[in-house]
Amino acid sequence: MLGGGCLRWTGAASLRASGNAGYLTARRMQQDWHVETDGAGSLVVATLGAQGVVLGGEKFPAAGRESLRFVAGRLQQEYGAANDLAEMKR
């Protein structure tokens with residue numbers, strides 16, 4: 001995706017960036033999502049059954065989570081999946 005803020009997979013929002021990212025890519029490789037972006041704000045990734053999310057070359061465990069929230073490339077563990085997914089539906 002170029003110049004957007006939301007990437008959909010089979011009709012559902014799977015990645016949402018705060019504001020518009022210059023670019024945002026996601027590809028599923030085996031059990032993990034590999035995500036690349038130039039956005040510095042927050043990014044919510046719906047795991048869609050993935051075991052991990054790789055962002056900035058670092059793998060973050062995702063098993064058992066519906067979504068992960070990152071801010072400036074760092075995982076924000078205190079944020080809950082219900083809030084993440086509600087935000088993605090906006």
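## Why these words? A chat about a predicted model

Modeller: The accessible surface of the protein chain is about 5100 Å², and carbon and sulfur atoms hold 51% of that. Such areas come from the Shrake-Rupley method with a 1.4 Å probe, and for residues only the protein chains shown count as cover. This is a predicted model, where local features need pLDDT of at least 70, side-chain atom pairs count only at pLDDT 80 or more, and totals for chains, interfaces and linings use all residues. Residues are numbered from 1 along each chain as its sequence is written, and side-chain values use heavy atoms, leaving out hydrogens and water.

Colleague: Thanks! Why is Arg69 called buried?

Modeller: Buried means under 20% relative accessible area, exposed over 50%, and partly exposed in between (1.4 Å probe, protein chains only). Arg69 has 8%, so it is buried. Its place is in strand S7; a strand is a DSSP run of E with at least two residues, a helix one of H or I with at least four, both numbered from the N terminus.

Colleague: What makes the pair of Arg69 and Ser42 a polar contact?

Modeller: Their side chains come to 3.3 Å. A polar contact is a pair of N or O atoms within 3.5 Å; within protein, one must be able to donate a hydrogen and the other to accept it, and residues adjacent in sequence count only if both atoms are side-chain atoms.

Colleague: And why is Leu48 called partly exposed, and Ala72 exposed?

Modeller: Leu48 has 43% relative accessibility, so it counts as partly exposed. Ala72 has 51%, therefore it is exposed. Leu48 lies in the loop between S4 and S5, while Ala72 is in the loop between S7 and strand S8 (74-75).

Colleague: What is notable about phi in Leu48 and Ala72?

Modeller: Phi is positive, about 50 degrees in Leu48 and near 50 degrees in Ala72, and neither residue is a glycine. Most residues other than glycine have a negative phi.

Colleague: How do you know that S5 and S6 pair?

Modeller: Two strands pair if DSSP finds at least two bridges between them. Four bridges join S5 to strand S6 (residues 58-61), and the two run antiparallel. One bridge partner in S6 is Glu58, facing Leu55.

Colleague: Which residues have the most contacts inside the largest nonpolar core?

Modeller: They are Val35, Leu43, Val53, Leu68 and Phe70, in a core of 15 residues. Such a core is a set of buried Ala, Val, Leu, Ile, Met, Phe, Trp, Tyr and Cys residues joined through side-chain atoms within 4.5 Å. S2 gives the largest share, three residues.
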